[in-house]
Amino acid sequence: MKGKRLKCLGMALCCMTAILSLQGCGASSDKIEIEIVQYKPEAANYFKTVEDEFNATHDDIHLTISSPNDAMTILKTRFIREDYPDIIGIGGDINYSYFVDAEILADISDYSGLKNINQGYLDIAESLELVPTDGTYIIPYVANAAGILYNRDMFAEHGWQIPETWSELKQLCEDIKAEGILPFYFGFKDTWTCLAPWNAMAVELAPSDTAKQVNKGTTTFTKEYGELADKYLELLPYGPNDPFAYGYSDACTAFARGEAAMYPIGSYAAPYIMSVNPDLNIDSFVMPASDVKEERTLNSGIDLGFCVTAECKNKEAAYEVIDFLLEYENLQKYIDDQKAVPCKNGDFKLASMLDGMLEFIEAGNMTDYQDHYYPSEMSVDALLQTFLLEKDTDKFLSNFDSNWQRYNRDIIRMVQEYEKTH
């Protein structure tokens with residue numbers, strides 16, 4: 001009897017296990033799986049917190065967020081394999097333009113949350129399309145801004161005023177030098193840092209659609225970038241004797257330690273700078289590249305936006321996830337963590353180092369980074385570094401035009417064919 005009872009007990013346990021297993025499968029299958037792959041590994045901790053909080057408060061959707069290094073390479077590989085995440089988190093740059101053109105992204109014009117997004121960033125997103133495309137394909141989440149960071153205490157101590165024109169900026173640099181202080185720190189050993197002053201000046205000195213007009217064949221970079229290139233060279237004497245000896249981390253550290261009054265870089269540098277010197281009192285201002293004060297505009301672009309892929313099986317669930325990301329408390333946490341600019345309208349508290357740019361952000365007076373239209377294969381950052389070393393404007397502009405034709409051949413053909421039929 002004992003053996004019989006054990007046998008029955010074993011069968012009962014097996015049946016219970018099977019029932020529980022089936023119940024578990026049923027519960028899991030009732031949940032909609034939504035996967036996000038986003039490209040900012042520095043924000044991985046934030047997104048892990050978001051994932052945990054979303055899953056703890058939603059019974060019908062299970063969210064997974066990946067924040068890998070080199071996310072763009074991973075995404076492109078997955079696209080080739082037709083293995084699409086439901087949502088991707090990317091910046092507003094040339095890769096986004098390629099994804100729209102390849103019809104990888106879903107039209108999210110019906111997403112109700114778009115009405116709360118700053119129109120300036122929606123306009124920037126539309127301008128990134130290689131050719132005009134019906135629909136909306138990205139929900140701008142946060143932006144960054146590039147201009148000039150400055151040491152607020154140092155400015156107050158010496159009575160220096162924020163310049164609003166190019167002439168005033170150059171005079172300020174002369175006044176700072178006269179006090180035995182270095183006006184700017186540069187980190188041009190890292191080629192990508194050469195793009196920061198270039199972009200910040202370009203928004204005032206070159207048409208915002210320069211790249212598109214070149215693709216159409218209506219202008220050249222030699223024509224549009226001449227003044228920009230010359231003025232860039234005029235900044236060099238106000239930096240360290242050998243700006244190419246120092247990289248990004250060197251420049252951030254030097255500025256944090258008060259070795260220069262200003263640093264021409266984007267707001268994205270603030271977390272690094274503050275990690276070196278948490279007590280540094282910094283602010284920022286729009287780089288004035290023109291002598292017409294009214295032409296000032298903030299160099300700002302979409303640092304992170306969310307796109308639903310065309311292969312997403314449940315768009316409404318994806319929208320629910322994006323709603324959660326855009327909730328005030330969640331977006332404010334990201335702003336605090338990354339010193340970012342919100343793309344959503346609202347009473348958000350921004351880092352004090354953005355005070356000098358706030359009026360431009362609130363007014364929607366912003367213009368996208370020129371390099372968001374440059375193909376990575378062209379290596380414009382290296383081209384700029386070579387130009388700053390050689391100081392040969394004509395050669396630089398000629399190379400820019402010839403390289404553009406080489407690396408944009410297919411896009412130029414596509415754009416010009418579109419123009420013929422529209």
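In sorting pocket-lining residues by class, Ala, Val, Leu, Ile, Met, Phe, Trp, Tyr, Cys and Pro are taken as nonpolar, Asp, Glu, Lys and Arg as charged, and the others, Gly among them, as polar. On that basis, the lining of the second largest pocket in this predicted model comprises seven nonpolar, four polar and five charged residues. The space in this pocket amounts to about 270 Å³. Its lining is made up of 16 residues, and those closest to the centre are Gly-346, Leu-350, Leu-358, Ile-361 and Glu-362. Helix α16 (residues 358-363) supplies the largest share of this lining, with three residues.

We can turn next to the largest pocket, which holds about 1,200 Å³ of space. Here 41 residues form the lining, with Tyr-39, Asp-93, Trp-192, Asp-371 and His-372 closest to the centre. Two or more lining residues come from each of several elements: the helices α3 (71-80), α4, α8 (195-205), α15 (328-338) and α17 (380-390), together with the strands β4 (139-146) and β8 (298-308). By class, 20 of the lining residues are nonpolar, 11 are polar and 10 are charged.

Enclosed space was examined as well. Across the whole structure, a search returns one cavity of 30 Å³ or more, and the largest cavity contains about 100 Å³ of space. It is lined by 13 residues, of which Ile-94, Leu-130, Asn-215, Tyr-373 and Ile-411 lie closest to its centre. Helices α4 (94-101), α9 (210-216) and α19 (409-421) each give two or more residues to this lining, and α9 gives the most, with three. Eight residues of the cavity lining are nonpolar, three are polar and two are charged. Helix α4 thus appears in two settings, being among the elements that line the largest pocket and among those that line the largest cavity.

A closer look at one helix rounds off the picture. Helix α7 (residues 166-178) has 13 residues and spans 19 Å from its first C-alpha to its last, close to the expected 18 Å. Which residues of α7 are buried? They are Trp-166, Leu-169, Leu-172, Cys-173 and Ile-176. Viewed down the axis of α7, these buried residues fall within an arc of 115°, so they line one face of the helix. In general, an α-helix has 3.6 residues a turn, so residues three or four places apart point the same way. The buried residues of α7 pack against strands β5 (148-151) and β6 (262-263) and against helices α6 (152-158), α8 and α11 (226-235). Just after α7, Gly-180 adopts a positive phi of about 75°.

Key. Residues numbered from 1 in each chain as written. Predicted model: local features only at pLDDT ≥ 70, side-chain atom pairs only at ≥ 80, totals over all residues. Heavy atoms only, no water. 1 Å grid on protein atoms, 1.4 Å probe; cavity = no way out; pocket = protein on both sides within 12 Å on 5 of 7 lines; lining within 4 Å. Points joined across faces, edges and corners; volume = space filled by probe spheres on them. Helix = DSSP H or I, 4+ residues; strand = E, 2+ residues; numbered from the N terminus. Expected span 1.5 Å × (residues − 1). Buried < 20%, exposed > 50% of the residue type's maximum accessible area, 1.4 Å probe, protein only. Arc of directions from axis to C-beta. Contact = heavy atoms within 4.5 Å.
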